[in-house]
Amino acid sequence: MANTPYPQSYYAASANPVPPRPALQGEVETDVCIIGAGYTGLSSALFLLENGFKVSIVEAAKVGFGASGRNGGQIVNSYSRDIDVIERTVGPKQAQLLGHMAFEGGRIIRERVAKYNIQCDLKDGGVFAALTSKQMGHLESQKRLWERFGHNQLELMDQKRIREVVACDSYIGGMLDMSGGHIHPLNLALGEAAAVESLGGIIYEQTPAVRIERGANPVVHTPQGKVRAKFIIVAGNAYLGNLVPELAAKSMPCGTQVITTEPLGDELARTLLPQDYCVEDCNYLLDYYRLTSDKRLIFGGGVVYGARDPANIEAIIRPKMLKAFPQLKNVKIDYAWTGNFLLTLSRLPQVGRIGDNIYYSQGCSGHGVTYTHLAGKVLAEALRGQAERFDAFAGLPHYPFPGGQMLRVPFSAIGAWYYSLRDRLGF
Ligand SMILES: Cc1cc2nc3c(=O)[nH]c(=O)nc-3n(C[C@H](O)[C@H](O)[C@H](O)COP(=O)(O)OP(=O)(O)OC[C@H]3O[C@@H](n4cnc5c(N)ncnc54)[C@H](O)[C@@H]3O)c2cc1C
C-alpha cells in the first residue's frame, strides 16, 4: 500500500490543502491506537482527545481514503434499518435508547464544523423521494416513527410540492428532512484530522496495521513500527480485510459508484435543485444526488456485492442520472469513481469489544455519514467507562451471510435483484 493515492474523484481534485503525515517508524506508546482515519476513527479520536486521552491513528493510505472521502456527501439521519425493525429484533428498551441516538450524528457533524471551523460546504436539507405509493406510505409511517423519538423537522411532500424542490417527474411525493443535508465529505474528514492534530493527536499515513497482538497490553504492528496502547479501536470498515477475522465473517464489502458532471452553471443547477437540497430515492438499490458548491451534479447509485471495481462506471451510472434528469443529456462527466461500504446481514452496525481492550464499530451498510460520527462518541464513552449506549449497539445480533465467504456474493446479489424487482413493479 506504499503511497496509495486518493482515487481520481471530484473530492480529491477539490480537497483543501493538507500537511504531510509521515508513516510510523519505530515504536510509540499511547492510550488509544485507532486503526483507520475515516469518520469512525476521526470522530473517536476527537471525542477521546477532548476527554484527555492520548491518541495515535494508523491509516493504511491517507485520511479519508475510504468511504469517508468518497461518499455521496449526504447527511442522512437514523440507521440503514429503521427503529421499528430494531424494536422487533431487540425489544423496546434497547430500541428506545437507539431511537434517541438516531439523529445525534447529524448534530455532531454540525457541532464539529462550527467548533473547528471546518470548510466543507455544509448545506441543510435532505429529500427522500418516493417513486411509488408503497414508498410514500413507508415515508408517512417513518415520519410518525421518527416523531416518536423527537425528530420533528420533517415535512411530507405531495407530487406538486416535491416538484418544487427537484426537477424530476418520476416522483409521486417525498419527505424533506431539514436536519439532513450535505457536505464535501473528504474536506469534512480532512478538517476533522486537522482538529485531531490541533488537540495533540498523531496521524500516521501510509501505515497499515498488519497485525494486532492481543492481551493485557495490546500492540498494533505496522510494516516499520509498532504502537503500544491501553486500548485499540478498529475502524477500518470495508477496507479492513482480514485483520480481525471474527469481524470479517459477519460483514461483506460492497462497492457503490459515483459520477460528477462538469459545472452546470447557476441557472441549470437552480432548475434541477432550486433549494440545493440533496436527494435520495426510496428504492432498495437507491439513487442519490446533490449539487456541489461549484454547481456540478454528483450522482451515485447501485451496489456491487463483494466490492469488485466496475470497468466503466460512467456507463453504469450515467443512464440512471439521465433517467432522473433527461435534460442533462449533453452534459459531460468529469469524474467517476467507486468506493466500498460494509454491509451486514441485518444492515445494522456491528459494534463490540474483543477482550477488554479492543473495540470496533463498522458495517453501517450504506448510511454511515451520521452514524460514524455518533459511533465515535459512543466508543469514547465506553472507553471512559460509560458503556450504556455502546452496549445498546453491541447488543444488536449479527449473523454470517448465507452461503458463507464463498457464496455470500451471488446470494446477496440474488436477494437485491428480488428487492429491486419489487421496487420496479411497485409492490
Ligand atoms: C461511494 C459511497 C457513497 C456513499 N454515500 C453515502 C452518503 O451519501 N451518505 C451516507 O450516510 N453514507 C454514505 N456512504 C457510506 C459512508 O461513507 C460510510 O458508512 C462511512 O464513511 C464509513 O466510515 P468509516 O470511517 O467507518 O470507514 P472508511 O471511511 O472506509 O475508513 C476506513 C479507513 O480505514 C483504513 N484502514 C483499513 N484497514 C486498515 C489497516 N489495516 N490499517 C490502517 N488503516 C486501515 C482505510 O484506508 C480507510 O481510510 C457511502 C459510501 C460509499 C462507498
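In the predicted model, the shell of residues around the ligand draws on several secondary-structure elements: helices α2 (39–50) and α12, together with strands β11 (252–261) and β15 (333–343), each supply at least two of its residues. The shell comprises 44 residues, of which Gly36, Gly38, Gly66, Gly72 and Gly368 come nearest to the ligand. By residue class, the shell around the ligand divides into 21 nonpolar, 21 polar and two charged residues.

Helix α2, one of the contributors to the ligand shell, also contains Ser43. Ser43 has 31 other C-beta atoms within 10 Å and is therefore classed as buried, the threshold for that class being 20 or more. When residues up to four places away in sequence are left aside, the contacts of Ser43 are Glu192, Thr372, His373, Ala375, Gly376 and Lys377. Helix α12 spans residues 369–383. Ser43 is separated from Leu379 by 336 residues in sequence, yet the C-alpha atoms of the two lie 9.3 Å apart in space.

In soluble globular proteins, nonpolar side chains tend to be buried together. The largest nonpolar core of the model contains 126 residues, and Val32 and Ile233 touch the most other members. Among helices and strands, the greatest contribution to this core is made by α12, which provides nine residues. Ile233 is in contact with Val32, Ile34, Ile35, Gly41, Ser44, Tyr359 and Leu379, again with residues up to four places away in sequence excluded. Leu379 thus appears both as a contact of Ile233 and as the residue whose C-alpha atom lies 9.3 Å from that of Ser43.

A further region of interest is strand β12, formed by residues 278–281 and covered on both faces. Cys278 and Glu280 are buried on one side of β12, and Val279 and Asp281 are buried on the other. The strand pairs with β4 (residues 123–130) in the parallel sense through four bridges, and Glu280 of β12 is the bridge partner of Phe128. Strand β12 is also paired with β13 (residues 287–291), in this case in the antiparallel sense and over two bridges. Here Val279 has Tyr289 of β13 as its bridge partner. The connection between β12 and β13 is a hairpin of five residues. Strand β12 accordingly has a parallel pairing with β4 and an antiparallel pairing with β13, while both of its faces remain covered.

Methods. Residues numbered from 1 in each chain as written. Predicted model: local features only at pLDDT ≥ 70, side-chain atom pairs only at ≥ 80, totals over all residues. Core = buried A, V, L, I, M, F, W, Y, C linked by C-beta atoms within 7 Å. Buried ≥ 20, exposed ≤ 12 C-beta atoms within 10 Å, placed from the backbone. Contact = placed C-beta atoms within 7 Å. Near = placed C-beta within 6 Å. Nonpolar A, V, L, I, M, F, W, Y, C, P; charged D, E, K, R; others polar. Pairing = 2+ DSSP bridges.
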